[in-house]
Amino acid sequence: MILEVKNGSFGYPKQELILNNINLTLNEGKILAILGPNGIGKTTLLKCMVGLLPWRSGKSLLCGTDIAAMTPRQIWSVISYIPQSHTFAFSFTGLEMVMLGRSSHLGAFEQPGAKETKMAQDIMERIGISHLADKDCNRMSGGELQMVLIARALINEPKLIILDEPETGLDFHNQILVLDMIERLAHQEGICAVMNTHYPTNALSISDEAFMMNRSGDFIFGRTEEVLTEEHISRSFDVNVVVSQLPYENRIIKSIIPVSIPDRQPA
């Protein structure tokens, strides 16, 4: 087991709990999708899972070890984290950005060298973005930058990649590009992935397990097909949905379509 959360609860000081008694597991080569309405605490959950925020009670286990007992170097040599915000105070080329992913493997005053440059070049070639090596990250499109950040995550040689809304703001082409990459990394190369997403259809298309939150403080965790049902999604997002299926190239494609807001009867 790569990651496990046991009875995790979190709230900011002097505030009510945002997350209460969270339990989930993630095994090698699997993709976990985290879903729920805006402001429910999905990003907070990601940060608690990997030790960026401390659980008020409960714990996260990384490869069987309590994250709270691990050093930052130990944690970040196993995990790569890709946050939502992608603005940079300094200008980095694509190659330089990818090389930054090796920082957890270098000494405090050690600079990346020829080895790290070659690793970055190889990874960018491997995922088909060598043409971005000399491009300024602040001038990249959303899809280009997301692929560079995935390459930066991979150069760390992680067992687990955490992605906070990786497809938000991307067009259809780049969404598929990023989702295909996440699926290939997990299902072919054995690198686990946890993705926070606003798109149930995307979760249904690539994830093995799903963790869905709602405003009542409840959650559902299990196999994606069992969690992302019309009933569960409607309750979590307060919207009526239809789960449709259509054949495409000898496989069945499932899509989740929002259709209406539930009627509210006056009390």
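Is Phe211 buried or exposed? With a relative accessibility of 0%, Phe211 counts as buried. The legends below start from the whole chain and then move in on this residue; keep in mind that the model is predicted.

**Figure 1. The whole chain, with its nine helices and 12 strands.** The C-alpha trace spans about 65 × 50 × 35 Å along its principal axes. A compact globule of 267 residues would have a radius of gyration near 18 Å, and the chain comes in at 19 Å, which agrees. If you look at contacts between residues at least 6 apart in sequence, 64% of them join residues at least 24 apart.

**Figure 2. Surface and charge of the chain.** The accessible surface adds up to about 13800 Å², and carbon and sulfur atoms own 51% of that. As for what is tucked away, 46% of the 267 residues count as buried. On the charge side, there are 23 positive and 30 negative side chains. The centres of those two sets sit 5 Å apart.

**Figure 3. Close-up of Phe211 and Phe219, a stacked pair.** The chain holds three aromatic pairs in total. In the one shown here, the ring centres of Phe211 and Phe219 are 4.8 Å apart and the planes meet at 20°; the cut-off for stacking is under 30 degrees, so the pair is stacked. The two partners differ in cover: Phe211 is buried at 0% relative accessibility, whereas Phe219 has a relative accessible area of 28% and is partly exposed.

**Figure 4. Close-up of Phe211 and Phe221, a tilted pair.** Here the rings lie 6.4 Å centre to centre, with 45° between the planes. This pair links distant parts of the chain, its members being 10 residues apart. Phe211 belongs to strand S9 (residues 209-213), and Phe221 to strand S10 (residues 219-223). Phe221 is partly exposed, its relative accessible area being 29%.

**Figure 5. Phe211, Phe219 and Phe221 together, as a cluster.** Ring pairs tie these three residues to each other. Phe211 takes part in the stacked pair with Phe219 and in the tilted pair with Phe221. Within the cluster, Phe211 is buried, while Phe219 and Phe221 are partly exposed.

Notes: Residues numbered from 1 in each chain as written. Predicted model: local features only at pLDDT ≥ 70, side-chain atom pairs only at ≥ 80, totals over all residues. Heavy atoms only, no water. Helix = DSSP H or I, 4+ residues; strand = E, 2+ residues; numbered from the N terminus. Rg over C-alpha atoms; globule rule 2.2 N^0.38 Å. Buried < 20%, exposed > 50% of the residue type's maximum accessible area, 1.4 Å probe, protein only. Contact = heavy atoms within 4.5 Å. Areas by Shrake-Rupley, 256 points an atom, 1.4 Å probe, with all protein chains shown as cover. Lys, Arg positive; Asp, Glu negative; His and termini not counted. Charge placed at Lys NZ, Arg CZ, Asp CG, Glu CD. Phe/Tyr/Trp six-rings, centres within 6.5 Å; stacked < 30°, edge-to-face > 60°.
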